[in-house]
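Student: I should like to go through the charged side-chain pairs of this model and the criteria behind each label. Could we begin once the structure is displayed?

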Amino acid sequence: MTVYLDYQATTPLAPEVFDAMVPLLRDQFANPHSAHRLGRAAAAQVEHARAEILKLLPDGGRLIFTSGATEALNMAIQGVPPGGIVTIATEHAAVLDTVQAMGRAGRDITILPVGPDGIVDLEEAARAIRPGTALVAAMLVNNEIGAIQPVAELADLSHKAGALFLCDAVQGYGRVPIPPRCDMIAISAHKVHGPKGIGALWLRDDVALTPVIHGGGQEGGLRSGTLSPALCAGFGAAARLMRERADGDRAHAETLWNAARRLFSQWTLNGSESLRYHGNLNLRRTGVDGARLLSECRDVAFSLGSACASGSGRPSHVLRALGLSDAEARGSVRIGFGRYTTLAELEDAAEAMNRAAQIWAP
């Protein structure tokens, strides 16, 4: 049986989420935008889910359902008023590629570097975030190295310059407190034991965006398209579980983190150890090639970096931003665990990975 240690790529679907979705897939199939009784019943399920998701977000604001975080981030970045855009070198490709596209369209773009710990320098950020900046985008918890950026401080710098602040909270939602100073927040269901194919963009009440998708005017006119009540209900159930099980999930992740630091003591941690979410380890070991290790350990599902870029063959842009060489980046692996990972599974995986690594490590 394969040990699953790739929680940053996606999380196992919670059984309670599956149970919440099945009736809406099988029986309650009406279009939630229809005016008849069955349509209104489906719409009520959507709104109940929306309310559950909002409980883990700042007070006030509104939630726009999307197909995932990539769409939510595109909606936020492309929909802001004219002006410059500032972001960070370790952001997800959904942010960096969209920002670069806006640059090609004539926007002034600034990509801030990070230190060896993966954290942005606030003094450098203050120099870059100046009047004329329309948007600052930053990830709360990095998807590759788990580093936690100073999002509250970046939001304050943004507001002083008259800019909006967008937080990519995909990896942090339900796990790390989201500062209330954010103007926009992107989240995704399948990172919190919900279904794939649905995400959301939270908007502070006074934030106005230009729609990117046009059509039927659903989701307050910002995101046209028929919603799936089943996916919405699954997201809502997953959010409820993240809230109800927060203390237990956090304690379990901490136990696994402490065990993993011991089990992988011969490996070097990439990124900050203190400013970090403890459900993520990004590790490297001299002489080890990550791709060969993955091939050797076929009964362990871990990652070489972002799942979205896993087939590119290029060293991780996040690890390169930390100052790692190509060889060090290619020798790095990402291990992610959470609610359904057992200590025995982690120990079995570590034994297999360490045994395989000994083939190449000096």
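Tutor: A salt bridge requires a side-chain nitrogen of Lys or Arg within 4 Å of a carboxyl oxygen of Asp or Glu. Please note that this is a predicted model. A search of the whole structure finds 18 salt bridges.

Student: What makes the contact of E328 and R284 a salt bridge?

Tutor: The N to O distance between the side chains of E328 and R284 is 4.0 Å, and the criterion is within 4 Å, so the pair is counted. This pair links distant parts of the chain, 44 residues apart: E328 lies in helix α11 (residues 326-330), and R284 lies in strand β10 (residues 280-284).

Student: Why is E328 called partly exposed?

Tutor: The relative accessible area of E328 is 32%. Partly exposed lies between the limits of 20% and 50%, so E328 takes that label. R284, at 21%, is therefore partly exposed as well.

Student: How do you know that D206 and R204 form a salt bridge?

Tutor: Their closest N and O atoms are 2.0 Å apart, which is within 4 Å, so the criterion is met. D206 has a relative accessible area of 57%; exposed means over 50%, therefore D206 is exposed.

Student: Why is E52 called buried?

Tutor: Buried means under 20%, and E52 has a relative accessible area of 8%, so the label applies. E52 forms a salt bridge with K55, with 3.7 Å between the closest N and O atoms. K55, at 47% relative accessibility, is partly exposed.

Notes. Residues are numbered from 1 along each chain as its sequence is written. This is a predicted model: local features need pLDDT of at least 70, side-chain atom pairs count only at pLDDT 80 or more; totals for chains, interfaces and linings use all residues. Side-chain values use heavy atoms; hydrogens and water are left out. Buried means under 20% relative accessible area, exposed over 50%, partly exposed in between (1.4 Å probe, protein chains only). Helices (H or I, at least four residues) and strands (E, at least two) are DSSP runs, numbered from the N terminus.
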